[in-house]
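Biologist: Can you take me through this model? I'd like the overall picture, then some detail.

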Amino acid sequence: MKFDFDRIVSREGTHSEKYAARLEKFGREDVLPLWVADMDLPTAPAIQKALLERMEHPVYGYTAYHEGYFDAITGWMRKEHGWEVETSWVVPVSSIVTALALSVEVFSEKGDGVLIQPPIYPPFYSVVRHQKRKVLENVLVPKEGRYRIDFADFEAKAKEAKLFLLCSPHNPTGRVWEREELEQMVRICREHDVLIISDEVHADLVYEGYRHIPVASLKGAGEITVTLNAPSKTFNIAGIVTAYAMIQNDRLRRKFSEIFRRYYLSEASLVSQTATIAAYTESDLWLTELRRYLSENLAYLHERLKQMPKIVPMPMESTFLLWLDCRGLGMDDEKLQAWFVHKVGIGLNPGISFGTGGSGFMRLNYAVSRQVLEEAMDKLQKAYDGI
Ligand SMILES: Cc1ncc(COP(=O)(O)O)c(C=O)c1O
């Protein structure tokens with residue numbers, strides 16, 4: 001079966017945040033939006049079919065767990081990531097960020113240190129700050145074009161930390177952490193009694209030559225780790241709002257579940273369950289083709305950017321978000337953002353919004369049809385030639 005990702009699907013009239021919030025975000029509505037981390041590509045047909053079939057029935061009342069919901073998740077972990085998860089470890093949650101925030105609340109106290117690795121997806125900062133915990137930054141270091149962990153610094157920060165919010169694979173650098181790196185992080189966290197909250201939402205979109213390893217599957221890690229995941233990024237269903245935690249340690253799971261129950265947050269909706277089951281049990285072929293399409297898009301961007309040597313794409317090992325080193329353009333962050341919006345005409349996420357280490361970078365979402373990328377690169381080339 002062939003999935004036509006080249007076909008442009010208009011999101012006009014669908015309340016897409018990426019399009020609707022342009023005026024607010026960029027000050028104008030005519031920018032080509034390549035920012036918010038969802039795809040402009042249609043989801044897997046099996047998901048749409050399952051949703052339509054269920055919607056045919058006109059009663060959308062309170063919903064019990066579907067047989068197959070928990071098995072779909074554990075089956076996916078086994079098949080895609082070689083990780084044996086027991087169904088009893090799975091706790092449905094409303095969203096990954098909700099789970100990050102409530103993990104900070106439940107597993108730390110005001111003033112405690114929480115370790116993060118910037119530049120990073122902005123809520124990693126805000127969930128810590130909102131709850132008056134202390135952000136401890138283990139800043140990732142680009143070395144020979146690849147981001148690395150400064151382990152001496154990681155250990156120094158871990159000594160002061162109660163929690164470590166791991167982003168694996170990492171947004172926005174696109175790093176897929178290697179076994180040795182994960183093992184070293186786990187060893188240090190165990191030694192200093194630091195709990196790991198691992199956001200693995202980008203786990204399924206990993207490029208050839210790399211392999212995602214769920215940190216909790218490593219020896220000694222399951223006992224100290226809360227893993228968060230969702231089909232939202234992989235299958236482009238973020239608007240459905242669905243996610244889950246997997247927690248091996250009974251004591252941690254009880255504590256985690258308790259706060260979700262207290263606020264009545266721990267339920268997977270009718271729509272979320274229907275979509276998750278179809279995603280994880282009937283959409284393999286679509287995902288294989290999507291991965292191919294995204295890697296071809298990435299190759300296309302690399303090719304075009306060769307003509308713009310002052311904008312350097314970092315090598316992406318995962319995700320559909322290209323991290324561009326624009327420091328060669330010699331603009332400060334405000335000027336850089338203004339240049340992309342007003343001179344180029346595309347809306348990207350400014351690197352500084354990802355915190356320390358993000359200055360001079362921009363993030364470009366390439367989960368769009370090739371023709372849209374061509375338009376974006378033509379615009380960029382034109383403005384670049386005019387500098
Ligand atoms: C690393 C990471 N975590 C979480 C999310 C959002 O997850 P959710 O919509 O379930 O809160 C994103 C979205 O871009 C992300 O990149």
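Modeller: What follows goes from the whole chain to its domains, one strand and the ligand. This is a predicted model, where local features need pLDDT of at least 70, side-chain atom pairs count only at pLDDT 80 or more, and totals for chains, interfaces and linings use all residues. Residues are numbered from 1 along each chain as its sequence is written.

Biologist: How many helices and strands are there in the protein chain?

Modeller: The protein chain has 13 helices and 15 strands, taken as DSSP runs numbered from the N terminus (helices H or I, at least four residues; strands E, at least two). Its radius of gyration is 21 Å, close to the 21 Å that the globule rule gives for 387 residues, so the chain is as compact as a globular protein of that length. That radius is taken over C-alpha atoms, and the rule is 2.2 Å times the number of residues to the power 0.38.

Biologist: And what share of the residues is buried?

Modeller: Of the 387 residues, 45% count as buried, meaning 20 or more other C-beta atoms, placed from the backbone, lie within 10 Å of the residue's own.

Biologist: Which domains is the chain divided into?

Modeller: Domain 1 is 17–44 + 284–385 and domain 2 is 60–282, with bounds from an automatic or database domain assignment. Their centres, taken over C-alpha atoms, are separated by 25 Å. The contact takes 27 residues from domain 1 and 32 residues from domain 2, a contact being two C-beta atoms, placed from the backbone, within 7 Å.

Biologist: Which element gives the largest share on the domain 1 side?

Modeller: That is α11, with four residues. Both α11 (284–305) and β12 supply at least two residues of that side.

Biologist: Staying with β12, what does it pair with?

Modeller: β12 pairs with β15 (residues 361–365) in the antiparallel sense over five bridges. It also pairs with β11 (residues 312–313), antiparallel over two bridges; pairing requires at least two DSSP bridges between the strands. Asp325 of β12 stands opposite Val312, and its bridge partner in β15 is Phe361. Four of the five residues of β12 (residues 321–325) are buried.

Biologist: Switching to the ligand: which residues come nearest?

Modeller: Of the 13 residues around the ligand, Ala37, Ser95, Ile96, Val97 and Asn171 come nearest. A residue counts as near if its C-beta atom, placed from the backbone, lies within 6 Å.

Biologist: How does that shell divide into nonpolar, polar and charged?

Modeller: The shell has nine nonpolar, three polar and one charged. Ala, Val, Leu, Ile, Met, Phe, Trp, Tyr, Cys and Pro count as nonpolar, Asp, Glu, Lys and Arg as charged, and the others, Gly among them, as polar.

Conventions: Buried ≥ 20, exposed ≤ 12 C-beta atoms within 10 Å, placed from the backbone.
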